[in-house]
Amino acid sequence: MNPAALKVDLPELKSGGLLILDSGSFNERNFTKAGYQQDPREDGSLDDYRIVEVDMSQMTQDALKDSGLTKKEALRCKNMWALGLVYWMFGRERKPTQDWLTSKFAKRPEIATANIAALNAGHAFGETAEMGEDLAAFSIPAAKIAPGLYRNITGAEALSWGLVAGASGADLKLVFCSYPITPASSLLHTLAGLKNHGVVTFQAEDEIAAVCAAIGASYAGGVGVTSSSGPGVALKTEAIGLAISAELPLVIVNSQRAGPSTGMPTKTEQSDLYQSVFGRNGDSPLVVLAARSPADCFDVAIEAVRLATKYMTPVILLSDGYIANAAEPWAVPEAETLPRFPVTFETNAEGFHPFKRDPETLARAWAVPGTPGLEHRIGGIEKASDSGNISYDAENHQRMTNLRRDKVLGIAKDIPAQAFEQGGSDDRLVLVGWGSTYGPISRAVDNLRQEGLPVAHLHLRHIWPLAENLGELLSGFEQILVPEMNDGQLVTLLRSEFLVPAEGLNKVTGKPFKIAEIEAAVRARLEA
Amino acid sequence: MNIATPAVKTAKDYASDQEVRWCPGCGDYAILKAVQKTLAELQVDTEKTVFISGIGCAARFPYYLSTYGFHTIHGRAPAFATGVKLTNPELDVWVVSGDGDALSIGGNHLLHVLRRNVDLQLLLFNNEIYGLTKGQYSPTSRVGTRSPSTPGGSLDTPVSAGSFALGAGARFFARSVDTQQKDLPVVLKRAREHRGASLVEIFQNCIVYNDDAFAGFTDRSVAADAQIHLEHGKPMLFGKERNKGLRLKPGRLELEAVTLGEDGITEADILVHDETDRAMATLLVGMEPPSLPVAMGVVFCDPAPSSYETGVLAEVDAIQSSRPGTLAELLTKGNTWTVS
Ligand SMILES: Cc1ncc(C[n+]2csc(CCOP(=O)(O)OP(=O)(O)O)c2C)c(N)n1
Ligand code: SF4
Ligand SMILES: [Mg+2]
């Protein structure tokens, strides 16, 4: 760290943690820039930490003195020097990074060579320097992971590929309609590059046109998908209501960001749960799913397409800025094992009307334009349950409202029962999470359980409808804690649905939860 | 084997079983009749035809046809239609909107569907009023229109559908009147023939909230002198005696009406209608009585080599057939490693 980084990031470090300081950058000029009155190494503010000082700037320059790079260019390689040192500390392979640098700077091989040299120099420093106890290498055994083929994948890629796999599972054309917005645009970019999979992408004039075009696509027999972030989803609201009323499949991806209004576009938050579950005029139920991590987006996207096409309903898929941009290793599934749920369009004219339903799923018949004998008219006006014609009849509206509700609630029978990530009904406190809080919650629960604390973890993929057994699972706990990066949304839903004494742990700083924050909150409650 | 030849369809075969619910005397009835007649004359396949509308009196239109129909939300019909065409370009898609639907709440979508040139027929029923919501002034209402929301008369300048369309880069613009049962089907057929977005403005009388708004040029007593029916390649003549014509004012980019035989004017002085002339179309759509007649018929038609959805889908097809992607290849492309 240089003084500026130290100032911003020190609060993130546990006491007793290891600080590696770039001593070369600790000078008066940088103290002033960072807002330090005096050298922080001397004012006692770092007493709680283990400190190692290395003049990284000088060492990087020394390592690159024959590279032909200017001093300024050489200093840009300093982060690679630091990474090399960290790789040594944690016993990590340098090769993937070396390969990546070679391909990243393929057009400027001298830059690639210099960065690799810096990486190697940092590594060598760790190996040879006499840093004593301070910088002992941590031996972290390889995580126990299932054998198989792995790759890195970002949330945006996983979601795009999941949509492609979902449309392929349904045997339908994927039509993706969107309007650029941070942090959702990466989906549009990724899918625009997948034309060789038959994907049609459409950059509309605004979010309203995007969702309308997606609904038009579904009406015509494709899988219509639209994507945005909170402000854009707000604009799509009226059209989503039409898809609910006309009972057409639609997937709406919301890469959430900090709100309200423009909020903090590049900061992550999960504050659009209310908007997703409740945010429309009229009684307008739909399906809400949430991805927990970049790789999880793949499965959730397939599930979204499956539910949308099977139940003729809009599905909102919640991701967030963190998930969209982060990457993680992913066990690549075999393409042949991916779920298949081919759609059969209605073709039988006998007894047909557009709101004829499957008695099991309550999904209406999907008859697409082009089918002879099934010409019909649909829209957003209430329709008679037995003919699909316009109806303002009072009893009929009650019946249709109930049908739309029951159809969506019935999906609970078609989704996996809620299972514990860790722990179980014998524990005293359960943490209930959704979305990208998965990482810190599961790490915190793991740590606490190793200490012997009675903590369990439930993580919800299906936000609406909720899993059938969730209420029963929750009712067995003395304490229910719901960490969310919002001001308390899932917690309200759980309290109102199950009348359980769930309590919120809420944070809206634009940053993910720290493991320690969750651990502390749990300890405080178990000790109380 | 007996192969039944499909029966010839009449206009009635294009009517649905739903009771038509416009006010008695509404101009929408006449437009419905002209559309059904046009569909019958073309013997279109009901199953391959889709009528998509927004919200308003005009937008109830799809319910009364035996084709596929989608009554969507206010102003957005062009966007739904774009999604339909991108998914199944074989469908013949018509969009029906009112003046508020198309030019107020939906102005943005109309702009973009025209410039993109999606292959659609867009019918704009212009009654210069919000019919469904009980008579507020609309973006096409003339200055001074008294309505429940403008009791002292409206102040804002109306938008002209034709100027808007040409400004947006439309490649087809035509006009007609609800009661012109002979001319309207001709214009509708031309719109359908046109590959790309074709906008047809139909002056429609709202007998309840804006009766006789167009009487100044549609009333029988004045129509011949107050309208000009354009035909490609023909001199732009009009009037009861067909002795009036259009020419450019000397030295200006401005049209004027002149009378044959007066001041030495002969037919040679009269402009010939060239429907591919965008600059002339811009002048023609701006004509208003009393000094100039209202331009009717196909004002502008200049097809592009291809429509938007054709281009989009051709690109997808070309890429997919040259290197078809499989899921297996997608999931494993790039850097992977094996854990054993
Ligand atoms: C989002 C939304 N805003 C407002 C309305 C109310 N509304 C319905 S139709 C209409 C205007 C209709 O005027 P026009 O498009 O000219 O059609 P007309 O009824 O004259 O045929 C309005 C304001 C609505 N249905 N939806
Ligand atoms: S209000 Fe006007 S436009 Fe609407 S149905 Fe009645 S007459 Fe026709
Ligand atoms: Mg109107």
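**Magnesium site**

I began with the magnesium ion (ligand 3), whose protein donors are B:Asp99 (OD), B:Asn127 (OD1) and B:Ile129 (O), lying 2.1 Å from it. I keep in mind that this is a predicted model. Water is not among the atoms, so the site may look incomplete.

I then checked how the donor residues are spaced in sequence, and noted D-x27-N-x1-I. I placed the pair B:Asp99 and B:Asn127 next: they are 28 residues apart and link distant parts of the chain. B:Asp99 sits in helix α3 (residues 99–105) of chain B. B:Asn127 sits in the loop between β4 (120–126) and β5 (129–130) of chain B.

**Ligand 2**

I met B:Asn127 again here, as one of the residues around ligand 2. I listed the others: B:Trp22, B:Cys23, B:Cys26, B:Cys57, B:Gly131, B:Gln204, B:Cys206, B:Ile207, B:Val208 and B:Tyr209. I sorted the shell by type and found eight nonpolar, three polar and no charged residues.

**Helices α1 and α6 of chain B**

I turned to helix α1 (residues 27–42) and helix α6 (residues 183–193) of chain B. Their axes come within 9 Å and cross at roughly 55°. Because of that angle, I call α1(B) oblique to α6(B). I logged the crossing as right-handed.

Which residues make the contact? From α1(B) I noted B:Ile31, B:Ala34, B:Val35, B:Lys37, B:Thr38, B:Glu41 and B:Leu42. From α6(B) I noted B:Leu184, B:Pro185, B:Leu188, B:Lys189 and B:Arg192. I sorted the residues of this contact into seven nonpolar, one polar and four charged.

Key:
Residues are numbered from 1 along each chain as its sequence is written. Chains are lettered from A and ligands numbered from 1 in the order in which they are written. This is a predicted model: local features need pLDDT of at least 70, side-chain atom pairs count only at pLDDT 80 or more; totals for chains, interfaces and linings use all residues. Side-chain values use heavy atoms; hydrogens and water are left out. Axes are lines fitted to C-alpha atoms, for helices over the stretch in contact, and angles run from 0 to 180 degrees between N-to-C directions. Helices (H or I, at least four residues) and strands (E, at least two) are DSSP runs, numbered from the N terminus. Angles under 35 degrees count as roughly parallel, over 145 as roughly antiparallel, 65 to 115 as roughly perpendicular and the rest as oblique. A crossing is left-handed if the near helix is turned anticlockwise from the far one by less than a right angle, and right-handed if clockwise. Contact means heavy atoms within 4.5 Å. Ala, Val, Leu, Ile, Met, Phe, Trp, Tyr, Cys and Pro count as nonpolar, Asp, Glu, Lys and Arg as charged, and the others, Gly among them, as polar. A residue is near a molecule or strand if one of its heavy atoms lies within 4 Å of it. Donors are N, O and S atoms within 2.8 Å of the metal (3.2 Å for Na, K and Ca); water is not among the atoms, so sites may look incomplete.
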